[in-house]
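Please open the model in a viewer and keep the sequence panel visible. The stops below are meant to be selected in order.

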Amino acid sequence: MNHDMFGNNGFSGGMSFASADEEILQPKAAAEPVGMTNEERFIHIFKTKIRREGADRLLDFLCSDNSDFFTAPASTQYHGAVPGGLLEHSLNVYDCLCDYLSRARVRDVYGLDYSEESIAIVALLHDLCKVNFYVESTRNVKENGVWVAKPYYTIDDQLPYGHGEKSVYIVSGYMRLTRDEAFAIRYHMGFSGDEDKRNVGNAFAKFPLAVALSFADTEAAYFLEENPKKK
């Protein structure tokens, strides 16, 4: 199948959601092999946890020459501002989200209970908006009185569709998301974005998975990934 640089494979622009009552195949838990690279681990988790129709085509796109998912940074200068940073961040968010949702208080008191497939989808795919988003350039920096060219990342947004909503748009071009998944990805930035905070609070109140994903995203960025400003 041919894909453009954003994975548009004929997506009409309309979104449909999998019903809460609709049967979606749930993968069985599988132990992860040791010694894998980040790319191998991402593909392993994706293939063993996400079995939804269209998921294979989405993975094909991410692995194709039309996508820089496995080599892109996660930001220009903050967390994961290195080649492969986006991939590492996605895996870190997955680990943080799995840990948070496994806690007894979260399960028993908050009542949060989501399938392994939903957890993998929202964590691994929440930042697809950053695919084909960053480009490497150079700028002159003076070192010891001498100007030298230093590489840095800048933004070249070919699909200015927002952030979380752009990730939902891209994923939905391949497979259906449940409403919980769509809202979790859409609002994973939480209150740190520029949008109306009332909308964020309303989404959090209605879709707790969005809260959990926001926690995991923040934990990964600030506790697991290098922030140059902290040096």
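A residue is termed buried under 20% relative accessible area, exposed over 50% and partly exposed in between, with a 1.4 Å probe and protein chains only. The model is predicted, so local features need pLDDT of at least 70 and side-chain atom pairs pLDDT 80 or more, while totals for chains, interfaces and linings use all residues. Residues are numbered from 1 along each chain as its sequence is written, and side-chain values use heavy atoms, without hydrogens and water.

Select Tyr 187 to begin: its relative accessible area of 11% makes it buried. Add Phe 183, which is partly exposed at 26%. Rings of Phe, Tyr and Trp (its six-membered ring) pair if their centres lie within 6.5 Å; planes under 30 degrees apart are stacked, over 60 edge-to-face and the rest tilted. Next display Arg 186, whose charged end sits over the ring of Tyr 187, 4.4 Å from its centre; the criterion is NZ of Lys or CZ of Arg within 6 Å of the ring centre and within 35 degrees of the ring normal.

Move to Phe 42, buried at 0% relative accessibility, and Phe 70, buried at 13%. The structure holds eleven aromatic pairs. One of them joins Phe 42 and Phe 70 edge-to-face, at 5.7 Å between centres and 85° between planes. Adding Phe 46 and Phe 69 completes one aromatic cluster with these two residues.

Finally, select Leu 87, buried at 4% relative accessibility. Leu 87 touches Phe 42, Phe 69 and Phe 70, among others more than four places away in sequence, contact meaning heavy atoms within 4.5 Å.
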